[in-house]
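Biologist: Please take a close look at the annotated site of this protein. I would like the residues described one by one, with their contacts and the strands that carry them.

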Amino acid sequence: MRLATWNVNSIRARVDRVTDWLERADVDVLAMQETKCSDDQFPTMPFAALGYEIVHCGFSQWNGVAIASRVGIDDVQVGFDGQPTWGDKPEVQAAAEARALGATCAGVRVWSLYVPNGRTVDSPHYAYKLEWLAALRDTASSWLKSDPATPLALVGDWNIAPFDDDVWDISLFQDSTHVTAPERAAFNAILDAGFTDVVRPFTPGPGTFTYWDYTQLRFPKNRGMRIDFILGSPALAERVVHAEIARDERKTGKNRVGTPSDHAPVVVDLTP
């Protein structure tokens with residue numbers, strides 16, 4: 001199985017780009033984040049034409065997560081148990097955040113995750129981000145304990161750079177989110193719960209990024225960040241035989257379909 005994750009930064013704007021890459025890259029399952037549309041706006045037909053089923057959770061021009069699979073989709077779940085929500089309305093369900101979507105594809109349990117950004121370290125959104133990650137750790141840990149034999153993949157845009165080399169110049173991020181000690185500790189807590197970054201061994205850094213801002217020629221200058229990850233349970237990690245960051249999909253110009261997302265796809269290959 002070839003499994004990938006991609007923050008598409010608006011699926012309606014990038015559908016041609018995404019489906020073109022899916023076909024060329026021979027991907028079986030793609031988790032998407034920041035689809036930025038409601039369920040009825042998602043462009044399902046181009047995926048269906050390539051043989052992919054789609055599940056999606058989205059409500060507006062913000063957030064949105066999806067999974068496309070050509071190997072089946074079962075046991076769909078919107079939001080994970082204990083997932084916090086943003087705002088002062090406790091009656092609002094986690095689904096309204098459109099940040100987490102799980103499905104089983106050919107025996108692999110895939111969670112498409114769009115971790116809150118955090119905005120600034122003094123923002124309530126930062127505290128919410130840490131709360132969200134703590135809840136994910138607790139729930140994902142319970143999944144491992146209850147069914148350790150199931151291959152489980154936590155994939156998506158984590159909005160965290162775990163190491164200094166995961167940003168192009170750490171000196172410019174000293175007072176910023178994404179690199180703070182609490183955020184990194186929250187990320188590491190998920191690893192400590194039994195998950196593994198299954199991509200990094202195949203894509204060592206420094207300078208190996210998954211995201212580049214559109215401004216100031218960040219991509220040509222490789223001034224980016226590594227913030228998109230595939231974390232695997234032991235049962236999944238033992239099946240990984242290859243991984244890559246499809247950096248070329250951030251490029252524009254000749255022979256490229258449509259405009260790129262500011263993120264690149266992250267891919268793993270699994271043995272049967």
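**The annotated site**

Modeller: Tyr114 is buried, with a relative accessible area of 10%. That value, like the others below, is computed from a predicted model. Tyr114 belongs to strand E7, which covers residues 108-114. Setting aside residues up to four places away in sequence, Tyr114 touches Asn7, Gln33, Glu34, Asn63, Val65, Arg99, Trp132, Asp157 and Asn159. With Glu34 there is also a polar contact, side chain to side chain, of 3.5 Å.

The UniProt record, an unreviewed entry, places Tyr114 under "active site" together with Asp157 and His263. These residues span 150 positions in sequence, yet no two of their C-alpha atoms are more than 12.8 Å apart, so they gather at one spot. Tyr114, Asp157 and His263 are all found in the lining of the largest pocket.

A second annotation in the unreviewed UniProt entry, "binding site", lists Asn7, Glu34, Asp157, Asn159, Asp262 and His263. Here the sequence span is 257 residues, but no two C-alpha atoms are more than 13.1 Å apart, so this set also gathers at one spot. The lining of the largest pocket takes in Asn7, Glu34, Asp157, Asn159, Asp262 and His263. Asp157 and His263 are named under "binding site" and again under "active site".

Asn7 lies in strand E1, residues 2-7. Its relative accessible area is 0%, so Asn7 counts as buried. Beyond its neighbours up to four places away in sequence, Asn7 touches Gln33, Glu34, Tyr114, Asp157, Asp228, Ser261 and His263. The side chain of Asn7 has a polar contact of 2.9 Å with the side chain of Glu34. Glu34 therefore has side-chain polar contacts with Asn7 and with Tyr114, and Tyr114 is itself buried at 10% relative accessible area.

His263 is not in a strand but in the loop between strand E11 (240-245) and strand E12 (266-270). At 3% relative accessible area, His263 is buried. Apart from residues within four places in sequence, His263 is in contact with Trp6, Asn7, Asp157, Thr210, Tyr211, Ile227, Asp228 and Arg250. One of these, Asp228, makes a polar contact with His263 through the side chains, at 2.9 Å. Asp228 is also among the residues that Asn7 touches.

The strands on either side of that loop can be followed further. E11 and E12 run antiparallel and are joined by five bridges, with Val240 standing opposite Leu270 in E12. E1, the strand that holds Asn7, is likewise antiparallel to E12, with four bridges between them. In that pairing Arg2 stands opposite Asp269 in E12.

In a regular strand the side chains alternate between the two faces of the sheet. In E12, Val266, Val268 and Leu270 point one way, whereas Val267 and Asp269 point the other way. Neither group is exposed: five of the five residues in E12 are buried.

To sum up the site, the buried Tyr114 and the buried Asn7 each make a side-chain polar contact with Glu34, at 3.5 Å for Tyr114 and 2.9 Å for Asn7. The buried His263 has its side-chain polar contact with Asp228. Asp157 is touched by Tyr114, by Asn7 and by His263.

Conventions: Residues are numbered from 1 along each chain as its sequence is written. This is a predicted model: local features need pLDDT of at least 70, side-chain atom pairs count only at pLDDT 80 or more; totals for chains, interfaces and linings use all residues. Side-chain values use heavy atoms; hydrogens and water are left out. UniProt positions are given in the numbering used here, feature names are shortened, and annotations may be inferred rather than shown by experiment. On a 1 Å grid over the protein atoms alone, a cavity is a set of points where a 1.4 Å probe fits but cannot get out, and a pocket is an open set with protein on both sides within 12 Å along at least five of seven lines; lining residues have an atom within 4 Å of a point. Helices (H or I, at least four residues) and strands (E, at least two) are DSSP runs, numbered from the N terminus. Buried means under 20% relative accessible area, exposed over 50%, partly exposed in between (1.4 Å probe, protein chains only). Contact means heavy atoms within 4.5 Å. A polar contact is a pair of N or O atoms within 3.5 Å; within protein, one must be able to donate a hydrogen and the other to accept it, and residues adjacent in sequence count only if both atoms are side-chain atoms. Two strands pair if DSSP finds at least two bridges between them.
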